[in-house]
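Dear colleague, please find below some comments on the ligand site and the empty spaces of the structure you sent. They are set out as numbered points.

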Amino acid sequence: MIILGIETAVDETAAAVVENGWRVLSSVVSTQVDLHAQFGGVVPEVAARDHVKQIIPVVSTAIREAGVLFNRIDAIAVSTTPGLLIALLVGTETAKTLSYIHLKPLVAVNDLESHAYAVWLGEQEKLEDIKDKNTWPLLYLIVSGGTTALVKADYFGDFEIVGQTRDDAAGEAFDKVAKLMGLGYPGGPAIERQARLGDGQTFNFPRPMIDSNDLDFSFSGLKTAVVYKTKELNENLSQETVNDISASFQEAVVDTLLTKTTAAVEEYRVKGVVVGGGVAANGRLREVFQSKMTVPVYFPPKSLCTDNAAMGAGCAYYYAQNKIFTGLDELAPFCYKNIKGEICKY
Ligand code: KG4
């Protein structure tokens with residue numbers, strides 16, 4: 001089964017063709033990082049306008065690079081949530097139009113699931129192993145620029161959000177702290193680079209909501225703590241201080257994610273943790289999770305952590321096999337269908 005994936009949730013216009021849920025025939029990503037860099041973060045209107053320009057060339061390139069004709073495509077998968085409304089609209093309307101013209105069924109994909117699915121892309125054996133129901137439930141920790149969520153998954157298509165951020169996402173906090181210190185956008189990789197040169201014990205930044213007795217996150221207070229610290233230290237920070245703030249901030253984020261994820265592992269007795277989303281590319285997060293988690297932890301390759309369309313095209317395979325398609329009149333931003341065929345909103 002061959003699925004065309006489309007992704008325009010935030011600042012990447014992407015399309016991919018994936019066979020049988022794992023073999024990536026093509027994956028094209030047009031990133032808008034340079035467009036948003038001048039603002040230090042994603043501007044929704046700018047993002048949507050660029051998606052409109054890029055979407056058709058990106059989809060055509062993905063189909064051409066896959067070496068398939070459109071009539072060999074069995075279904076079209078599109079990310080419908082989470083993301084920015086006007087950005088998502090470009091992908092959803094493109095998918096609907098292609099579905100209408102080529103008579104192909106649609107699968108609405110929730111990116112919380114597809115970011116986790118990225119660990120099985122290109123990995124036929126691992127995908128076969130994980131199909132065994134005894135290896136579930138799993139816990140997904142999805143940490144991106146727009147969202148931070150803990151998801152308990154009983155199987156493909158059968159998942160529930162058990163914790164999420166109440167304000168800023170982890171990636172957003174990286175971006176804002178980087179902007180504050182003039183490190184550029186995207187902030188995550190920049191902070192990680194500086195953190196390698198600094199000492200993470202220098203500043204004791206708060207671990208937000210660590211004792212809240214639930215699985216929710218809040219990163220805006222942590223960002224504010226960094227703002228106050230920079231003011232207290234004087235606006236002209238030395239390179240050494242920037243490195244130490246970066247390392248201490250990164251330590252606080254990783255520690256918070258680890259504590260909440262560990263609590264969820266215990267509460268739901270999951271058999272493994274899958275970490276996905278842009279922040280999952282962070283080396284310190286990977287190191288700490290691999291050494292401290294009591295159950296196996298899986299990370300996608302760094303290249304598949306940030307938004308791409310291959311993850312959605314792979315994830316849609318299970319739905320398409322089970323004929324869980326979304327009608328032209330049902331497909332819309334923030335809606336997806338669960339494996340029972342029920343429309344869900346997020
Ligand atoms: O998954 P993604 O592409 O989602 C959105 O666009 O929302 O993730 C992008 C986010 C950005 O906030 C970026 O700063 C963060 O992922 N990121 C990182 C790293 N690489 C990307 N955060 C921490 N460390 C990294 N190495």
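The points that follow take up the ligand, then the pockets, and then the enclosed space.

1. The reader should bear in mind that this is a predicted model. Every figure below is computed from that model.

2. The ligand occupies the largest pocket. Around the ligand there are 23 residues, and those that come nearest are Asp175, Gly188, Glu192, Gly278 and Asp307. By class, this shell divides into seven nonpolar, eleven polar and five charged residues.

3. Three polar contacts deserve mention. A polar backbone atom of Asp307 lies 3.0 Å from an oxygen atom of the ligand, and a polar backbone atom of Gly146 lies 3.2 Å from a ligand oxygen atom. In the case of Asp11, a polar side-chain atom is 3.4 Å from an oxygen atom of the ligand. On its own the ligand has 550 Å² of accessible area, of which the protein covers 93%.

4. Which helices each supply at least two residues of the shell around the ligand? They are α6 (170-180) and α7 (187-195). Helix α7 provides the largest share of that shell, four residues.

5. The largest pocket holds about 910 Å³ of space. Its lining comprises 38 residues, with Ser144, Gly145, Gly146, Asp175 and Tyr185 nearest the centre. Two or more lining residues come from each of β3 (23-31), α4 (111-117), α6 and α7. For the lining of this pocket the largest share, five residues, belongs to α6, whereas for the shell around the ligand the largest share belongs to α7. The pocket lining has 16 nonpolar, 14 polar and eight charged residues.

6. The second largest pocket contains about 240 Å³ of space. It is lined by 15 residues, and Val119, Trp120, Lys126, Ile130 and Tyr298 are the closest to its centre. Helix α5 (residues 124-130) gives the most to this lining, with three residues. The classes here are ten nonpolar, one polar and four charged.

7. How many cavities of 30 Å³ or more does the model contain? The count comes to one, and the volume of the largest cavity is about 40 Å³. Tyr117, Leu127, Lys131, Phe156, Tyr317, Tyr318 and Gln321 form its lining. Helix α11 (residues 310-321) gives the most to that lining, with three residues. By class, the cavity lining has five nonpolar residues, one polar and one charged.

Definitions and conventions: Residues are numbered from 1 along each chain as its sequence is written. This is a predicted model: local features need pLDDT of at least 70, side-chain atom pairs count only at pLDDT 80 or more; totals for chains, interfaces and linings use all residues. Side-chain values use heavy atoms; hydrogens and water are left out. On a 1 Å grid over the protein atoms alone, a cavity is a set of points where a 1.4 Å probe fits but cannot get out, and a pocket is an open set with protein on both sides within 12 Å along at least five of seven lines; lining residues have an atom within 4 Å of a point. Grid points are joined across faces, edges and corners, and a volume is the space filled by probe spheres set on the points. Ala, Val, Leu, Ile, Met, Phe, Trp, Tyr, Cys and Pro count as nonpolar, Asp, Glu, Lys and Arg as charged, and the others, Gly among them, as polar. A residue is near a molecule or strand if one of its heavy atoms lies within 4 Å of it. A polar contact is a pair of N or O atoms within 3.5 Å; within protein, one must be able to donate a hydrogen and the other to accept it, and residues adjacent in sequence count only if both atoms are side-chain atoms. Accessible areas come from the Shrake-Rupley method with a 1.4 Å probe; for residues, only the protein chains shown count as cover. A molecule sits in a cavity or pocket if more than half of its atoms lie within 2 Å of its grid points.
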